[in-house]
Amino acid sequence: MPENTMYTSFASLNIARLRITIEPTEEIQLPEYKGSAVRGGFGYAFKRATCITRDRYCEPCILKSSCAYYRVFESKIVPEVADRLRLGGDAPHPFVIEPPMTQQCYFKPGERITFSLVLFGSAVGQLPFFVYAFMILGESFGIGKGRGKFSLVAVEDENGKQLYENGHLSGGFAIRSAEEIMNTDADAVNDRLTLRFETPLRLKTSFGRDRTSLVTGMNEPADFRVLIKSLYHRMFVINQLYGEGVLQEAYDSRKLPLKDGDVGVEKMDVFWYDWERYSQRQQRSMRLGGMMGEVTLNGNLAQYIPLFRLGEYLHIGKGTGFGLGKYRILETVKTTAHE
């Protein structure tokens with residue numbers, strides 16, 4: 001485990017990434033950014049797959065404490081905990097649906113579509129409900145414009161093990177701990193790191209009283225601080241809510257080893273990507289643009305590598321429920337600790 005003890009609290013969090021393959025049974029038309037199309041309707045399908053009472057509202061239900069749908073989608077945070085975690089009243093969901101990474105938008109029956117599902121913490125044990133929900137989503141709700149129907153073809157774990165076939169789901173899938181993920185390259189000192197933001201990244205920064213703006217690049221040291229603080233805060237919150245908790249009673253970004261000049265931007269090739277979705281809950285269209293592209297950082301990066309490794313699974317920023325904030329580490333330049 002990295003020497004910096006601020007990360008040890010995350011070590012026990014379990015994470016599983018699954019690869020989902022579906023096959024249209026009728027034409028499916030998806031938008032250019034497919035995150036909302038795959039995510040849209042999934043909550044309804046999950047409730048259909050898990051809810052026993054079929055009540056419209058969850059709060060009055062006597063079964064909510066043991067209900068998978070309530071724990072995954074509807075659990076609220078009591079005010080004192082929300083204040084401690086610097087959150088609103090709704091908990092972030094313990095899963096991320098990573099959208100299909102293809103530019104193709106029209107899919108005919110027989111063509112296949114693949115995307116990923118990341119489960120963490122307590123949601124890892126709910127995999128059968130997620131699989132069943134995707135079956136219901138395809139058979140009853142559909143996705144995209146016109147709600148095209150599909151059938152679930154395959155579910156594989158991160159090692160390529162086939163878990164689902166012909167309506168049967170097997171167990172024994174790959175589960176990784178946050179400690180294992182963060183320990184990647186733990187014996188090396190990294191001084192250069194290239195990140196590729198594959199889905200829009202929405203980072204908000206505060207300036208002045210009650211004023212916020214979206215980060216549109218990594219031009220200033222302050223932008224890197226926003227990136228690291230956002231990443232650390234998400235890891236902290238996820239572990240508090242779905243893992244074994246952390247030692248600190250309250251989130252404190254001052255524990256981060258942030259120093260001006262520690263990290264600089266060597267190269268930046270980013271652009272702003274705008275996309276819209278229609279919110280059924282708010283009955284209006286919402287624009288959820290974000291930054292995409294590549295950023296190469298250099299400097300004292302070794303202490304931040306564990307966070308970046310974990311963030312490859314949990315994503316970063318706003319809108320992670322729609323697959324936003326997905327990035328990959330393309331390259332690290334390092335010298336071994338013995339050199």
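## Helix α5 and what follows

Right after α5 comes Gly 142, with a positive phi near 75°. Helices and strands here are DSSP runs numbered from the N terminus (H or I over at least four residues for helices, E over at least two for strands). Bear in mind that this is a predicted model, where local features need pLDDT of at least 70, side-chain atom pairs count only at pLDDT 80 or more, and totals for chains, interfaces and linings use all residues. Residues are numbered from 1 along each chain as its sequence is written, and side-chain values use heavy atoms, with hydrogens and water left out.

The helix itself covers residues 127–141, and its length checks out: at 1.5 Å a residue, the 15 residues should span 21 Å, and the end C-alpha atoms are 20 Å apart, which agrees. That expected span is 1.5 Å times one less than the number of residues. The buried residues in α5 include Phe 130, Phe 134, Met 135 and Ile 136. Buried means under 20% relative accessible area, exposed means over 50%, and partly exposed is in between (1.4 Å probe, protein chains only).

Further along, in the loop between α5 and β6, sits Gly 146. Gly 146 is exposed, with a relative accessible area of 68%. Its C-alpha is 7.6 Å from that of Ile 28, although the two are 118 residues apart along the chain.

## Strand β1 and its partners

β1 (residues 14–24) is mostly covered, with eight of its eleven residues buried. Strands count as paired if DSSP finds at least two bridges between them. β1 runs antiparallel to β5 (residues 113–120), joined by eight bridges, and antiparallel to β6 (residues 150–156), joined by six. With β9 (residues 176–177) there are two bridges, again in the antiparallel sense.

Ile 15 is a handy residue to click on. Its bridge partner in β5 is Phe 120, and in β9 it stands opposite Arg 176. On the β6 side, Glu 23 has Ser 151 as its bridge partner. Skipping neighbours within four places in sequence, Ile 15 is in contact (heavy atoms within 4.5 Å) with residues including Val 118, Ile 181, Leu 310, Tyr 313 and Leu 314.

## The nonpolar cores

A nonpolar core here is a set of buried Ala, Val, Leu, Ile, Met, Phe, Trp, Tyr and Cys residues joined through side-chain atoms within 4.5 Å. The largest one has 46 residues, and those touching the most other members are Phe 10, Ile 15, Leu 227, Phe 308, Leu 310 and Leu 314. Elements giving two or more residues to this core include β5, α6 (178–182), β10 (188–201), α7 (221–242) and α8. The largest share, eleven residues, comes from α7. Apart from this core lies another, of 43 residues, among them Ala 45, Tyr 69, Ile 136 and Leu 163.

## Helix α8 and His 315

Ten of the ten residues of α8 (residues 305–314) are buried, so this helix is largely enclosed by the rest of the structure. The buried set isn't just greasy side chains: Arg 309 and Glu 312 are among them.

Just past the helix, in the loop between α8 and β17, His 315 has a positive phi of about 65° although it is not a glycine. Most residues other than glycine have a negative phi. At 0% relative accessibility, His 315 counts as buried.

## Another positive phi

Asn 166 has a positive phi of about 55°, and it isn't a glycine either. Asn 166 lies in the loop between β7 (162–165) and β8 (168–169), and is exposed, with a relative accessible area of 68%.

## The second largest pocket

On a 1 Å grid over the protein atoms alone, a pocket is an open set of points where a 1.4 Å probe fits, with protein on both sides within 12 Å along at least five of seven lines; lining residues have an atom within 4 Å of a point. The second largest pocket holds about 370 Å³ of space. Of its 15 lining residues, Glu 32, Met 101, Gln 103, Glu 198 and Met 292 lie nearest the centre. β10 gives the most to the lining, with four residues.

## The chain as a whole

The chain has eight helices and 17 strands. Buried residues make up 51% of its 339 residues. Among contacts with a separation of 6 or more, 73% are between residues 24 or more positions apart.

Technical notes. Points joined across faces, edges and corners; volume = space filled by probe spheres on them.
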